[in-house]
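Colleague: I have the model open and want the reasoning behind the labels. Take me through it, please.

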Amino acid sequence: MKKIGVIGAGVMGKGVAQAFAQSGYPVVLIDICENILSKAREEIYNNVRFQRLFQGGKSAGDPDDVLSRIQLSTDYELLADADYVVENVTEQWESKKEVYHKLDRICADECVILANTSCISITKIAALTKRPSLIAGAHFMNPVPMKPAVEVIRGYHTAEWTIEQIKDLLLSIGKETIVVNDYPGFVSNRISHLFMNEAAFVVQDQIASPQEVDEIFKKCYSHAMGPLETADLIGLDTVVQSLDVLYESYQDSKFRCCPLLRKMVEAGLCGRKSGQGFYTYQ
């Protein structure tokens, strides 16, 4: 069984680690401090339990068994024999640079690295390493264990062999692969962040409440979630960081971040992760 490294024990990293462990893969989940890892362990345990309930009896695995396949650590050296690494670091370029320099030094020459980035160009990320042909984007959606597909991004130097390996890997955990080419934001976030940003402008301009905006998208367009519910789920801080990347990359005013979004993040209202965003969470 291939060994999977996962960098970052935040919302996305926890979900990625859980999804692979549920499919029987040994996983090493890396983050910068023990407190984050301890919280991740607890949340993965609870998420597996809730998934079993949500699926109406369909087994998502025993929480203890799933956790037994996940080694949580701050030590990057444990990735030396990993076959695949999924990077889930925050959308800040300096943080990405530091992580990829470290991965390129530690990981085996044949290790494939998947960048689970929201908007940063895969070609730009791959240029940080000596293995650009083995770097591709793998944009998992939240909640990772429940989503049936992954947006995979082919960088300028990504080898076709790498894409085929990733397809096989994702298929083994029950996920379809949709392969797209590399431009910042790719397909999903280049479009979805315009929705979320404009929805925030609508609230800022007092045209409608968050509930009314989301109800229109759910009841008129049959979306499962409205754009502001989605923003809260992703994390408003992540949405703002991604919009800043898109604006910097394209220099197009349509990606200018809504001032209300930035103000909410500065006030600590980041959505579900903080307990308060456009909605209140217990």
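Colleague: What phi does glutamine 251 take, just after H10?

Modeller: A positive one, of about 50 degrees. Helices here are DSSP runs (H or I, at least four residues) and strands are E runs of at least two, numbered from the N terminus. The model is predicted, so local features need pLDDT of at least 70, side-chain atom pairs count only at pLDDT 80 or more, and totals for chains, interfaces and linings use all residues. Residues are numbered from 1 along each chain as its sequence is written, and side-chain values use heavy atoms, with hydrogens and water left out.

Colleague: How do you know that the span of helix H10 agrees with what is expected?

Modeller: The expected span is 1.5 Å times one less than the number of residues. H10 covers residues 236-250, 15 residues, so it should span 21 Å. Its end C-alpha atoms are 21 Å apart, which agrees.

Colleague: Which residues of H10 are buried, and what covers them?

Modeller: Buried means under 20% relative accessible area, exposed over 50%, partly exposed in between (1.4 Å probe, protein chains only). Among the buried residues of H10 are Leu236, Val239, Gln241, Leu243 and Leu246. Their cover includes H7, H9 and helix H11 (259-266).

Colleague: Why is phenylalanine 186 called buried?

Modeller: Its relative accessibility is 5%. The cut-off is under 20%. Therefore phenylalanine 186 counts as buried. Its phi is positive, about 60 degrees, although it is not a glycine. It is found in the loop between strand E8 (176-181) and helix H7 (188-204).

Colleague: And serine 222, buried or exposed?

Modeller: Exposed: serine 222 has 64% relative accessibility, and the cut-off is over 50%. Serine 222 also has a positive phi of about 60 degrees without being a glycine. Its loop runs between helix H8 (210-220) and helix H9 (227-234).

Colleague: What makes a set of residues a nonpolar core?

Modeller: Its members are buried Ala, Val, Leu, Ile, Met, Phe, Trp, Tyr and Cys residues, joined through side-chain atoms within 4.5 Å. The largest has 35 residues; Ile4, Phe20 and Ile70 are among those with the most contacts inside it. Helix H1 (residues 11-22) gives the most to this core, with five residues. A second, separate core has 29 residues, including Ile30 and Tyr76.

Colleague: Which residues does isoleucine 70 touch?

Modeller: Contact means heavy atoms within 4.5 Å. Leaving out residues up to four places away in sequence, isoleucine 70 touches Ala17, Gln18, Ala21, Val27, Leu29 and Ile44.
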